[in-house]
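Here is a briefing on one protein model, written to be read alongside the sequence and the coordinates. Please keep the structure open while going through the points that follow.

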Amino acid sequence: MPADSSPLAQSVAEYLSSRPWMARWLESLAGRRYRLAAFPDRVLPAVVVAHRRGDPARARQVVHAVEQNWIEAPTGARQAYEEILQHAPGLIVVQLRRTNLCGCLGHRHVLVKEAPFSEPHDAFGDATVGEMDIAFERVEKWLAQPLMDTALDTQFIAGSRLKEFHHQQLRFRLLSVLLHEIHHMVAPQVPEQVVREASLNFYRESLVNYVNIARASLSLTIDRSFSRLGKE
Ligand SMILES: [Zn+2]
């Protein structure tokens, strides 16, 4: 269920489930699914993840990235996108693909093609609609910051922590691709290099921040267990 912070996400969710059964039946036959996501600290934009029936876990990662990881990013990293998000289309449709033939991580689309969103609807209110695709498996394999990623990896030696770190890393990558494409939508004249630099900065700052917090909590646990041993 989309966060309460976004009336638009609620309204779009209601619109999707109240459409005529025929439309939903055909969609279901075609294996199309939708999930709504809302940023916890802002009303707009709302995000619709359009995905294939077999990909609910991948879609959940995108929702988790928007609804939880965004707020875990440092304030400065989020503020760098404040103006861009303010000017973004109110409703962002993300077509979640597994891969892209061209090898890109994602693209913004000039036209909205996802059927339920390609025509204006009352449920969208004043919000304009923008569309992009994200190639999940490309993002998974993407070495965003090769040196930094490997250096951070070595900080989580134990199994479960390393696994959690990799999940977190993937979601920050997904967020960074989402922000990158929104940036292109808002400012098509800005050169790729500038857009890329901004999204890589967001990724880098978010990940370093996550590692610092995780390390602090880890050493705290170790310290506690040491002091307990000392008393016995
Ligand atoms: Zn780009």
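In this predicted model, Arg108 stands opposite Met132 in strand β5, and the neighbouring register is given by His109, which stands opposite Glu131 in β5. These pairs belong to the contact between strand β4 (residues 106-109) and β5, which pair in the antiparallel sense over four bridges. The points below start from β5, then move to the sheet, the core, the loops and the protein as a whole.

**Strand β5 and its partners**

- Strand β5 covers residues 129-135, and because six of its seven residues are buried, this strand is largely enclosed by the rest of the structure.
- Besides its antiparallel pairing with β4, β5 runs parallel to strand β3 (residues 91-97), to which it is joined by seven bridges.
- Within the pairing of β3 and β5, Gln95 stands opposite Asp133 of β5.

**The sheet and the helix packed on it**

- The five strands form an open sheet in the order β1-β2-β3-β5-β4, and the pairing in this sheet is mixed.
- Strands β1 and β4 are the edge strands, each of them pairing on one side only.
- Neighbouring strands of the sheet are turned against each other by 25° on average, with direction ignored.
- Helix α3 (residues 56-72) packs on this sheet, where it touches β1, β2 and β3, and its direction makes about 15° with that of β1.

**The nonpolar core**

- The largest nonpolar core holds 47 residues, and those that touch the most other members are Ala46, Val48, Val49, Val62, Val94 and Ile134.
- Helix α8 (residues 159-186) gives the most to this core, contributing eight residues.
- Which residues does Val49 contact, once its neighbours within four places in sequence are left aside? Val49 is then in contact with Tyr34, Arg35, Ala37, Ala59, Val62, Val63, Val94 and Leu96.

**The end of β3 and the loop that follows**

- Arg97 is found in strand β3, and it counts as partly exposed because it has 19 C-beta neighbours inside 10 Å, whereas a buried residue needs 20 or more.
- Leaving aside its neighbours within four places in sequence, Arg97 is in contact with Asp133, Ala135 and Phe136.
- Arg97 and Val129 are 32 residues apart in sequence, and their C-alpha atoms are 19 Å apart in space.
- Thr99 lies in the loop between β3 and β4, and with 14 C-beta neighbours inside 10 Å it too counts as partly exposed.
- Not counting residues up to four places away in sequence, Thr99 touches Ala135, Glu137 and Arg138.
- The C-alpha atoms of Thr99 and Met22 are separated by 30 Å, with their positions 77 residues apart along the chain.

**Backbone features to check by eye**

- The peptide bond from Leu44 to Pro45 is cis, with omega near -5°, and Pro45 is found in the loop between β1 (32-38) and β2 (46-52).
- Gly31, which comes just after helix α2, takes a positive phi of about 80°.
- As background to both cases, most residues other than glycine have a negative phi, and most peptide bonds are trans.
- Is helix α2 (residues 21-29) well covered or hardly covered? Helix α2 is hardly covered, since the count of buried residues among its nine residues is zero.

**The protein as a whole**

- The protein has nine helices and five strands, which follow one another along the sequence in the pattern α-α-β-β-α-α-α-β-β-β-α-α-α-α.
- The C-alpha trace of the protein spans about 70 × 40 × 35 Å along its principal axes.
- A compact globule of 232 residues would have a radius of gyration near 17 Å, and the 19 Å of this protein agrees with that value.
- Buried residues make up 32% of the 232 residues in the protein.
- Of the contacts in the protein with a separation of 6 or more, 80% are accounted for by residues 24 or more positions apart.

Technical notes:
Residues are numbered from 1 along each chain as its sequence is written. This is a predicted model: local features need pLDDT of at least 70, side-chain atom pairs count only at pLDDT 80 or more; totals for chains, interfaces and linings use all residues. A residue is buried if 20 or more other C-beta atoms lie within 10 Å of its own, exposed if 12 or fewer, and partly exposed in between; C-beta atoms are placed from the backbone. Helices (H or I, at least four residues) and strands (E, at least two) are DSSP runs, numbered from the N terminus. Two strands pair if DSSP finds at least two bridges between them. A nonpolar core is a set of buried Ala, Val, Leu, Ile, Met, Phe, Trp, Tyr and Cys residues joined through C-beta atoms within 7 Å. Two residues are in contact if their C-beta atoms, placed from the backbone, lie within 7 Å. The radius of gyration is taken over C-alpha atoms; the globule rule is 2.2 Å times the number of residues to the power 0.38. Axes are lines fitted to C-alpha atoms, for helices over the stretch in contact, and angles run from 0 to 180 degrees between N-to-C directions.
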